[in-house]
Amino acid sequence: MSKKKLLSLQVKFIGASFVIILFFTLLPLIYSLGLSLYSGRANQLEFSGFDNYIRLFSDETVLNSLFNTVLFSVVLIPVVLILSIVIANAVNKLKSSSLKSVVLMIIFFPSITSPVAYSFFFKQLFSTNGLVNISLNNLGILNNAVNFLLTPSGAKIAIILTCVWAWTGWYSLLIYSALQNIEPQVIKAAKIDGASNLRILLKIVLPSIKPVILLSSVLLTGSVIQIFSEVMIISKGGPQGATLTLAYYIYRLSFEYVSQFGYAAAISVIILVLSVITCLIQIKLGEKSYD
Amino acid sequence: MIKRLYSKILNLTIVAIACIASLLPYILILISSFNTSVDIKKGDLFTNASLKTFIANFNVVMSNSDFLVSMGNSILVSVVAVGVGLLFASLAGYAYIIYKSKRTEVLFYISFFCIMIPSTVTIIPLFMMIQKLNMLNSLITISLMSLSLPFLIYLFRQNTKLFPTELIKAARIDGLGEFQIFFKIYVPYMKSIFITSALILFIDSWNSFLIPLVVVLSKNKSTLALYLNNIGSANNSDYGVFMLAIFLSIMPVIILFIIAHKYFKLDTNSSAKL
């Protein structure tokens with residue numbers, strides 16, 4: 001193929017997609033970096049250097065959102081991972097392959113369902129007259145109806161449970177596919193040697209899926225940083241900022257109050273840095289695990 | 001023997017609980033739609049549930065023009081996203097391997113880097129850009145903004161590596177043009193990747209919330225996610241009708257997934273390798 005023809009083919013095949021990426025991702029990214037150096041309200045933006053970044057580190061709302069992100073990560077990552085390992089392991093032991101595929105399909109449903117739709121369901125579930133309240137009252141654990149979403153810890157728990165429901169299926173599938181790479185003979189041999197199921201899990205299964213577990217925890221961190229719909233619909237970030245996340249704070253700064261696009265952009269740069277770091281760790285872990 | 005039985009029962013219990021927990025919200029949403037708003041707000045989903053109420057709720061939803069318009073818009077946004085996304089991602093993923101050169105490698109790494117950029121980072125500048133270009137309040141804008149092109153290009157590029165180049169050489173000898181080779185040989189060969197990508201594109205655009213929230217200004221351009229948000233945030237909404245609307249908005253994606261899931265392949269093992 002001549003050089004000229006190759007170039008023309010490259011332009012025809014790659015051109016359109018690259019223009020879309022350029023316009024919808026790269027330019028906004030650069031714009032965002034620039035915007036973060038301007039401050040002011042609505043359209044009256046003025047260059048202010050690194051003022052936004054200085055303001056950011058003394059802004060209690062930002063620090064609070066970061067704290068919430070850390071707290072959500074600390075709770076969500078182990079809970080989702082342990083549940084996923086338990087579920088993936090149980091599915092893997094099923095004998096019938098058609099049952100396996102049905103179960104895998106069902107547990108994947110939450111990850112393809114609109115966050116807006118399930119968030120409204122969970123909001124109703126945790127409300128004063130929701131099923132959670134009624135069940136707890138019937139069981140005698142509570143004596144009166146509580147609006148969980150109006151207490152800081154209740155709202156946090158509601159968001160966490162919603163995310164556990166929405167995310168666990170996806171990670172179960174990820175870990176399930178990693179389990180397929182373990183040689184069945186190894187486990188058979190261990191069983192013949194009289195190893196218990198728990199021992200097989202701890203000594204053979206977990207070590208061989210360690211890379212995927214690490215990968216999952218990085219992916220989960222990325223998801224926690226970006227929690228938006230759940231918070232906006234279930235708790236509006238409240239009460240008293242107990243469930244505020246950076247993503248929702250950016251939205252509020254830009255579209256709910258008198259917009260402060262520059263400051264919001266500076267916060268989005270923080271999200272960018274956090275998510276690039278988690279992605280780089282993910283790539284490093286990926287290289288380690290599959291080479 | 002008994003120990004084995006125990007472990008089998010334990011396993012089945014775990015699987016059963018996982019399935020029930022996954023399905024329970026859908027079931028409860030459906031049961032809620034058999035109730036009147038009063039019963040749902042009382043928290044009583046079972047005593048007064050009736051088919052009559054369900055049909056009444058169904059008629060209310062189906063005669064609600066806002067719901068129907070949003071449903072139509074969501075379908076349009078998703079279909080355009082699938083069409084445009086599939087075409088451009090597959091063309092690029094193919095070319096990054098078949099017409100590989102130093103130039104294209106650089107472009108690919110730039111596009112790969114974009115996978116790491118979350119939409120929360122680009123949404124504000126994008127909003128300002130499309131505002132200046134008068135592209136706000138347009139369904140096409142929502143489609144284009146919902147495309148996860150960098151990831152899909154990566155997915156196609158990875159799978160093109162496994163595509164036998166002899167097929168291309170043979171086709172060139174037979175006198176087929178480059179685009180003919182792509183559409184007549186590559187597309188059928190990569191069927192499952194195309195279906196997987198189509199599902200990803202459809203699900204992403206159907207479920208996207210932040211993008212239409214920022215882009216849409218008028219009711220006639222609302223998508224289902226926005227419609228649900230508007231109804232759910234209002235104080236005087238009929239919850240029976242609302243739950244049915246939620247159920248109807250979830251189902252298209254679930255049904256598509258059930259139909260196409262046997263082709264759905266996300267090769268997680270190659271997910272981090274370039």
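The paragraphs below lead through a predicted model, beginning with confidence in chain A and moving on to the place where chain A and chain B touch.

Chain A has a mean pLDDT of 87, and 98% of its residues reach 70 or more. Within chain A the value varies from element to element: helix α5 of chain A, residues 115-125, has the highest mean pLDDT, 93, while helix α13 of chain A, residues 261-290, has the lowest, 81.

With that in mind, we can turn to the contact between the two chains. On one side stand 84 residues of chain A, and these are in contact with 91 residues of chain B. Together the two chains bury an area of about 7,800 Å², and 79% of this area comes from carbon and sulfur atoms. Three residues, F13(A), F24(A) and I112(A), supply 10% of the area that chain A buries against chain B, which is more than any other three residues supply. If we look at elements instead of single residues, helix α1 of chain A, residues 3-35, gives the most to the side of chain A that touches chain B, contributing 23 residues.

What kinds of polar pairing does the rule find across this interface? There are 10 residue pairs in polar contact between chain A and chain B, counting pairs in which both residues have pLDDT 80 or more, whereas the number of salt bridges across the interface is zero.

Finally, we come to the cysteines, where the structure holds zero disulfides over all chains. Two cysteines can be described by their exposure: C163(A) counts as buried because its relative accessible area is 0%, which is under 20%, and C114(B) is likewise buried, with a relative accessible area of 4%.

Terms used:
Residues are numbered from 1 along each chain as its sequence is written. Chains are lettered from A and ligands numbered from 1 in the order in which they are written. This is a predicted model: local features need pLDDT of at least 70, side-chain atom pairs count only at pLDDT 80 or more; totals for chains, interfaces and linings use all residues. Side-chain values use heavy atoms; hydrogens and water are left out. pLDDT is the predictor's confidence in each residue, from 0 to 100. Helices (H or I, at least four residues) and strands (E, at least two) are DSSP runs, numbered from the N terminus. A disulfide is a pair of cysteine sulfur atoms within 2.5 Å. Buried means under 20% relative accessible area, exposed over 50%, partly exposed in between (1.4 Å probe, protein chains only). Contact means heavy atoms within 4.5 Å. Buried area is the accessible area (1.4 Å probe) that two parts lose on being put together, summed over both. A salt bridge is a side-chain nitrogen of Lys or Arg within 4 Å of a carboxyl oxygen of Asp or Glu. A polar contact is a pair of N or O atoms within 3.5 Å; within protein, one must be able to donate a hydrogen and the other to accept it, and residues adjacent in sequence count only if both atoms are side-chain atoms.
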